[in-house]
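Visitor: I have a structure to read and a list of terms to test. Could you take me through how each label is earned?

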Amino acid sequence: MSSPTRAVTTVRSRAGRLWGGAVALSLLTSLTLLFPPTAAADSAVAPARGSFTIRGAGFGHGHGMSQYGAYGAAQQGRTWKQILAFYYPGTTLTTMPTGTTIKVLLTADSDGDLRVQPTKGLQVRDGEGGRYTVPTGAAHTSWRISRKGDGYQLASLDAAGTWKTRATGLGGGTWSFSSSAKVLTLVRPGGSTRAYRGSLALVRNGSGGRTVNTVLLEDYVRAVVPVEMPTSWAADAVRSQAVAARSYAVRTRDFSDRPGYDICDTDTCQVYGGKRAETGGGDAAVKATAGRVVSQGGRVALTQFASSNGGALAASNLPYLVAKADPYDGVITSQAWSRTLTAAAISRSWPSVGTVQRLQVTRRDGSGAWGGRVEKITVTGSKGSVTVGGETFQYRFGMRSSLFTVAGASTGGTAPTPPPPAPTTLEPGPAYASHPRTYSSASRADLLLVSGSTLRRYPVVRGVLQPPVTLGTGYGSATHVLNAGDWNGDGYQDVITRSGDGTLLLRRGSSTGRLAAGVDMRFGGGIRTLAAVGDVTGDRRPDLVSISPAGNLWLHAGDGRTGRARLTKLASGWQDRDALRGPGDLTGDGRPDLLTARGDRLYLHRGTTGGFGAAVSLGTGWSAYPAITAVGDLTGDGRGDVVARTQAGELMLFRGDGKGGLGAGTTLAGRYSGTRFAL
């Protein structure tokens, strides 16, 4: 369930199961539709100065539980049982048998083999009850099950890097690894690792195989909840999430026909992070709701959920997924949003209409602001018109939900009335903190994007961008916008901008969440590219690094106030280095590291005492991304990550492994064309 667009939490904004995948569709066709009356069409709207303003509410599909609503309800004293009863009316709570398991497809292990690290009591099992205990010792650095003909074979990797096949005497059926510790460390393509509870099997898939983790249901939920919702939220909200996640998994298992597995580990199903995703708060929620699932009519319910419903639930074909007002969704924060779409961008999406002249919402579902979510919208141009679905329009332009209106239209309903904003008072954090880049205790990290002249911060929760907060305007002309850390030591994160004439301005954070007017830092000349890197000198104050036009790497040590303490040359010969970025500590040694790009490669320079080491390649393919940034741990696993933007405006998340490596990129929800990163 992930992705702001698709659902869920904006919290994770998880795609709250856009229909729960194929499972839901196969179940619903025989049920009576329960949608509210369709609202009347809106009036047509012409572009103003070549653009349309879209105003909307919510984040996700709106079916079932709103995660922000669950948080709001818990804050108002509702228990997890009351929260679930509100979002899934007519259901009851039942209990799954102890020992229930689920089979999870691990999609990142995509090379057709199954490889694990040695561990105590490691065994290979076949599908006929046979077992083979693998030898121990330094001679075996890794073990691999692979396909051989119609069956399998086992091999070990020796210290010299050679795979040697082992005779096991095992028979037919699916082969799997297990251990006495009931935890296995999977080695994924590229060498990154991840620990999983339970067993790991190589399930036949053509001539190769798929890696499937068979795990106790309760352990599975422990590794899902923290990825779907911040476990620092109110306990009853997190408990509601635990029951919803458990129910969704069982429903998917019971009504799917996937070969060899029950559910996948991505937001197409429900994001499952393995053992490292577990948290104390998540474990407590799982324990407090042990085995409990939402049921209706003798079946476990399809417990769809999304980040926010914008104040109104959307109906589905199931009797417990109903349309109604949600008084809790906006308690924590307003869920209103807006987007500007150019007529030219809409024309590029549907070129057959020619120059776009009007937009008109022609059908809504009747539940929520403006008459409900958009079901049909007509694009009229100089050559004709086209009518598309509301969700098609939403996804095409990366909008947060299909609950929106085109500004200037007469609608069949009223706009949502957000609660008056409470005065913002942010508590200061640790003095001189630099990573992760976080401007509020509500998020582990914040991604800063400049759009036009406006600087906005997007809180990131478990790898998902939340609704943005405006920090200020006037940033469009800056050549560099830097996440500086707490440069002056007052406990609030600061931003540094560089103008075309080389002037550096320190824009100090404050308790209001806004940035103060810029203070001249009195240096900034002789810089080709610049990055904020954290504390390189060891004096606990944030620093900057730059590359000069001559190709020298310079360290600008912060003075802890509003300027620079000293300038130190670190290296020469950096003329061909680009994309200078300070990702924080990617290697787990407590020192800030540095990223650079050259051609198609991204390089890591490990932090050393007062500087940086030689370049280590992180792979090719990086020239496909016009922008790269890193603000620390975006996923909540304690490891620094990297984000890149594609030409199409999509954001790609590359998870750090804590040892200096990066995993494969995963797409974050939404589109961010026309923006640039604060570095």
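Visitor: What stands opposite T629 in β44?

Guide: V643 does. This is a predicted model, so each such statement describes computed coordinates. T629 and V643 belong to a pairing of β43 with β44 (residues 641-645).

Visitor: How do you know that β43 and β44 count as paired strands?

Guide: Pairing asks for at least two bridges between two strands. β43 and β44 are joined by 4 bridges. They therefore count as a pair. The two run antiparallel.

Visitor: What order do the strands of that sheet take?

Guide: The order is β43-β44-β45-β46, in an open sheet of 4 strands with antiparallel pairing.

Visitor: Why are β43 and β46 said to stand at the edges?

Guide: β43 (627-632) and β46 (662-667) each have a single partner strand, so one side of each lacks a neighbour in the sheet. On average, neighbouring strands there are turned by 25 degrees against each other, direction ignored.

Visitor: Which other open sheet has 4 strands?

Guide: One ordered β31-β32-β33-β34, with antiparallel pairing. Its edge strands are β31 (480-485) and β34 (519-520), each pairing on one side only.

Visitor: What makes β33 and β34 a pair?

Guide: The threshold is at least two bridges. Strand β33 (residues 504-507) and β34 have 2. That meets the rule, so they pair. L505 stands opposite D520 there.

Visitor: How do you know that β8 pairs with β9?

Guide: 7 bridges join strand β8 (residues 142-148) to β9, and they run antiparallel. At least two would be enough, so the pair qualifies. Within it, I145 stands opposite L154. Their hairpin has 2 residues between the strands, and G149 takes a positive phi near 60 degrees.

Visitor: What is on record for β9 and β10?

Guide: 4 bridges join β9 to strand β10 (residues 163-166), again antiparallel. L157 stands opposite W163. This hairpin has 5 residues between the strands, and G161 takes a positive phi near 90 degrees.

Visitor: Why is β9 called mostly covered?

Guide: Strand β9 (residues 151-157) has 5 of its 7 residues buried. Buried means under 20% relative accessible area.

Visitor: Which residues touch the most other members of the largest nonpolar core?

Guide: M65, Y88, I145, L154, F177, Y220 and Y272, out of 74 residues. Helix α6 (residues 235-254) gives the most to this core, with 9 residues. Apart from it lies another core, of 28 residues, with Y458, L504, A627 and V643 among them.

Visitor: What does F177 touch?

Guide: Setting aside residues up to four places away in sequence, its contacts include L114, V116, W143, I145, L154 and L200.

Visitor: How do you know that C264 and C269 form a disulfide?

Guide: The sulfur atoms must lie within 2.5 Å. Here S to S is 2.2 Å. The pair therefore qualifies. The structure holds 1 disulfide. With 115 degrees about the S-S bond, the link is right-handed. Both C264 and C269 are buried.

Visitor: What makes R246 and E218 a salt bridge?

Guide: The N to O limit is 4 Å. The side chains of R246 and E218 meet at 2.9 Å, so the label holds. R246 is in helix α6 and E218 in helix α4 (residues 217-222), 28 residues apart.

Visitor: Is R246 buried or exposed?

Guide: R246 is at 0% relative accessibility, so it counts as buried. E218 is at 23% and so counts as partly exposed.

Visitor: Why is D158 called buried?

Guide: D158 is at 15% relative accessibility, and the cut-off is under 20%, so it counts as buried. Its salt-bridge partner is K164, at 3.6 Å, N to O. K164, at 47%, counts as partly exposed.

Visitor: What makes D559 and R561 a salt bridge?

Guide: Their closest N and O atoms are 3.7 Å apart. The limit is 4 Å, so the pair passes. D559, at 10% relative accessibility, counts as buried. R561, at 53%, counts as exposed because that is over 50%.

Visitor: How many salt bridges does the rule give?

Guide: The count comes to 13. Some share partners: R197, D219, R222, E278 and D283 are joined into one network.

Key
Residues are numbered from 1 along each chain as its sequence is written. This is a predicted model: local features need pLDDT of at least 70, side-chain atom pairs count only at pLDDT 80 or more; totals for chains, interfaces and linings use all residues. Side-chain values use heavy atoms; hydrogens and water are left out. A nonpolar core is a set of buried Ala, Val, Leu, Ile, Met, Phe, Trp, Tyr and Cys residues joined through side-chain atoms within 4.5 Å. Buried means under 20% relative accessible area, exposed over 50%, partly exposed in between (1.4 Å probe, protein chains only). Contact means heavy atoms within 4.5 Å. Axes are lines fitted to C-alpha atoms, for helices over the stretch in contact, and angles run from 0 to 180 degrees between N-to-C directions.
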